[in-house]
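Thanks for passing this one along for a look. Here are my notes, set out as numbered points so that you can go through them with the coordinates open.

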Amino acid sequence: MTQWGAGRGYTEAPYFRYEAEPGHCRSYSGVYLPQSDLQTDLQSEASNQQAITIGGGGYVEWKVARPTV
């Protein structure tokens, strides 16, 4: 199955991958971190070098791209 992010990493997975990046989800009580490739930055280990930090009680929500079976 081809999904968002095709051409990067393992894209023919038997599951659908959701990214915690602006435009792909909504964050409540979270902060989107800017892209960074500095190894001391949390987001440097994430897809597209972007991530969300979430405080107490915060969460991230995605709209399901397709129904589950």
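**Notes on the fold and selected residues**

1. Let me begin with the contacts across the chain: among those with a separation of 6 or more, 41% are between residues 24 or more positions apart. Please keep in mind throughout that this is a predicted model.

2. On secondary structure, the chain has 2 strands and 0 helices. Strand 1 covers 26-33, and strand 2 covers 51-61. Of the 69 residues in the chain, 23% count as buried. The accessible surface comes to about 5,100 Å², and carbon and sulfur atoms hold 54% of that area.

3. How many salt bridges does the structure hold? The count is 1, and the partners are the side chains of Arg26 and Glu61, with an N to O distance of 2.8 Å. Because Arg26 belongs to strand 1 and Glu61 to strand 2, this pair ties together parts that are 35 residues apart in sequence. Glu61 is partly exposed, since its relative accessibility is 31%.

4. Arg26 turns up again when you look at Tyr59, a residue of strand 2. The C-alpha atoms of Tyr59 and Arg26 are 8.5 Å apart, while the two residues are 33 apart in sequence. Leaving out residues up to four places away in sequence, Tyr59 touches Arg26, Ser27, Tyr28 and Ile54. Is Tyr59 buried or partly exposed? With a relative accessibility of 42%, Tyr59 counts as partly exposed.

5. The loop between strand 1 and strand 2 deserves a careful look, and Gln43 is a good place to start, as it sits in that loop. Gln43 has a relative accessible area of 7%, so it is buried; the cut-off for that label is under 20%. Which residues does Gln43 contact, once neighbours within four places in sequence are set aside? They are Leu33, Pro34, Ser36, Gln49, Gln50 and Ala51.

6. Ser36, one of those contacts of Gln43, lies in the loop between strand 1 and strand 2 as well. Its relative accessibility is 13%, and therefore Ser36 counts as buried. The side chain of Ser36 reaches the backbone nitrogen of Leu38 at 3.2 Å. Not counting residues up to four places away in sequence, Ser36 touches Asp41, Gln43, Ser44 and Gln49. Gln49 therefore deserves a click in your viewer: it appears in the contact list of Gln43 and in that of Ser36.

7. Ser47 is another residue of the loop between strand 1 and strand 2. Ser47 has a relative accessibility of 28%, so it counts as partly exposed. Where does Ser47 stand with respect to Ala20, which is 27 residues apart from it along the chain? The C-alpha atoms of Ser47 and Ala20 are separated by 8.8 Å.

8. Finally, the surface. Tyr18, Trp62 and Val64 make a nonpolar surface patch of about 280 Å². Tyr18 is found in the segment before strand 1. Tyr18 has a relative accessibility of 34%, so it counts as partly exposed.

Note on methods
Residues numbered from 1 in each chain as written. Predicted model: local features only at pLDDT ≥ 70, side-chain atom pairs only at ≥ 80, totals over all residues. Heavy atoms only, no water. Patch = residues over 30% accessible without salt bridge, like charges linked within 9 Å, V, L, I, M, F, W, Y side chains within 5 Å. Areas by Shrake-Rupley, 256 points an atom, 1.4 Å probe, with all protein chains shown as cover. Salt bridge = Lys/Arg side-chain N within 4 Å of Asp/Glu carboxyl O. Helix = DSSP H or I, 4+ residues; strand = E, 2+ residues; numbered from the N terminus. Buried < 20%, exposed > 50% of the residue type's maximum accessible area, 1.4 Å probe, protein only. Contact = heavy atoms within 4.5 Å. Polar contact = N/O pair within 3.5 Å; in protein donor to acceptor, adjacent residues only side chain to side chain.
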